[in-house]
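Biologist: Please take a close look at a single part of this predicted model. I should like one connected account of that part and its surroundings.

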Amino acid sequence: MKKYLSFFRMKFIAGLQYRAAAYAGCTTQFVWGAMEILLFRAFFEVGEEAFPMSFEALSSYIWLQQAFLSLFMTYTMDNDIFASISDGSVAYELCRPVQIYYMWFTRSMASRLSKAILRSIPILVVAAFLPKPYRLSLPVDAIATVWFFVTLVLSFLLVVSFGMIIYIITFYTISAYGVRIVIIGIVEFLSGDIIPIPFFPDNVRVVIELLPFASMQNIPLRVYSGNIEGVELLGRVGIQLFWVMIIIIMGKYMMQKALRHVVVQGG
């Protein structure tokens, strides 16, 4: 365990060094979040009762989404891992007395957390002081706050474990770009990044909510505003736990299989 904590600490500290990039990212995400909110505002002018979420809840959803972008987005991945697979330097990592799956898992966690810490606080602070109904509202109650953090952790673990699947698939390709583009496009649409899942037609939404992608950001963001609560909340947490375990088990199996056939060419 100490070995993996060391990898986590080194990657986490390294990630905290890129403050200029974090400040630029804060500006980009704040502007993008404001554009999204204004876009949805135009639709809500027709009549708020026609939508499955209140506009204030939607505003909080979008601000939280932008603040914790590094935790939720599958495109914020570790390019060093992709490079090590493509150029063959993964062979050096295979010589280390560690399990490469857990090493990459902890590195991915550290990279995402360091980015989130630098970017989330400025966005949350500014969004909290905006006028109603555009601001980030407080959670509906203390229970929702607790469950928000619980589901946030589970979402984070699910995103990292799903990212491991993408890394492993790269062992079977010449370039990682094609795989990343296709998978990222699917995940962003089905996870509620582009359109919140409650806005989908009912017959489509029921199916999407059973998929792992709906557990990546949709659940914690809706728990925060009270859109998911009670018995439904317990069911969603159960789905999150199920997919976290399944994706990790699948990733470990795929990694073992990939490493049995990996070939590093060159000197």
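**The cavity lining and helix 7**

Modeller: In this predicted model, the residues that line the largest cavity comprise 4 nonpolar, 4 polar and 2 charged. They are Thr-76, Met-77, Asp-78, Ser-108, Ser-111, Arg-112, Val-159, Val-160, Gly-163 and Tyr-167. The volume enclosed is about 60 Å³, and a search of the whole structure returns 1 cavity of 30 Å³ or more. At least two lining residues come from each of helix 7 and helix 8, the latter spanning 142–169. Helix 8 makes the greatest contribution, with 4 residues. The loop between helix 7 and helix 8 contains Pro-133. The peptide bond leading from Lys-132 to Pro-133 is cis, and its omega is near -5°.

Helix 7 is the part to follow from here. Its partner helix 1 covers residues 2–15, while helix 7 itself covers residues 100–128. The two pack with their axes 8 Å apart, at an angle of about 30°. Angles under 35 degrees count as roughly parallel, and helix 1 and helix 7 are therefore described as roughly parallel to each other. The crossing of helix 1 past helix 7 is right-handed. On the helix 1 side, the contact uses Tyr-4, Phe-7, Phe-8, Lys-11, Phe-12 and Gly-15. Opposite these, helix 7 presents Tyr-102, Met-103, Thr-106, Arg-107, Met-109, Ala-110, Ser-111, Leu-113, Ser-114, Ile-117 and Leu-118. The contact of helix 1 with helix 7 has 11 nonpolar, 4 polar and 2 charged residues. Ser-111 belongs both to this contact and to the lining of the largest cavity.

A further partner is helix 12, residues 230–261, whose axis comes within 10 Å of that of helix 7 and crosses at roughly 125°. Helix 7 and helix 12 are therefore oblique to each other. Helix 7 contributes Ile-100, Tyr-101, Tyr-102, Trp-104 and Phe-105 to the contact, and helix 12 contributes Ile-247, Ile-248, Gly-251, Lys-252, Met-255 and Leu-259. By class, the contact of helix 7 with helix 12 has 9 nonpolar, 1 polar and 1 charged. Tyr-102 takes part in this contact and also in the contact with helix 1.

Helix 5, residues 79–87, is another neighbour: its axis and that of helix 7 come within 10 Å, crossing at roughly 145°. Asp-80, Ile-81, Ser-84 and Ile-85 of helix 5 meet Trp-104, Arg-107 and Ser-108 of helix 7. The contact of helix 5 with helix 7 has 3 nonpolar, 2 polar and 2 charged residues. Each of these helix 7 residues has a second role. Trp-104 also meets helix 12, Arg-107 also meets helix 1, and Ser-108 also lines the largest cavity.

Definitions and conventions
Residues numbered from 1 in each chain as written. Predicted model: local features only at pLDDT ≥ 70, side-chain atom pairs only at ≥ 80, totals over all residues. Heavy atoms only, no water. Axes fitted to C-alpha atoms, helices over the stretch in contact; angles between N-to-C directions. Parallel < 35°, antiparallel > 145°, perpendicular 65-115°, else oblique. Left-handed = near helix turned anticlockwise from the far one by under 90°. Contact = heavy atoms within 4.5 Å. Nonpolar A, V, L, I, M, F, W, Y, C, P; charged D, E, K, R; others polar. 1 Å grid on protein atoms, 1.4 Å probe; cavity = no way out; pocket = protein on both sides within 12 Å on 5 of 7 lines; lining within 4 Å. Points joined across faces, edges and corners; volume = space filled by probe spheres on them.
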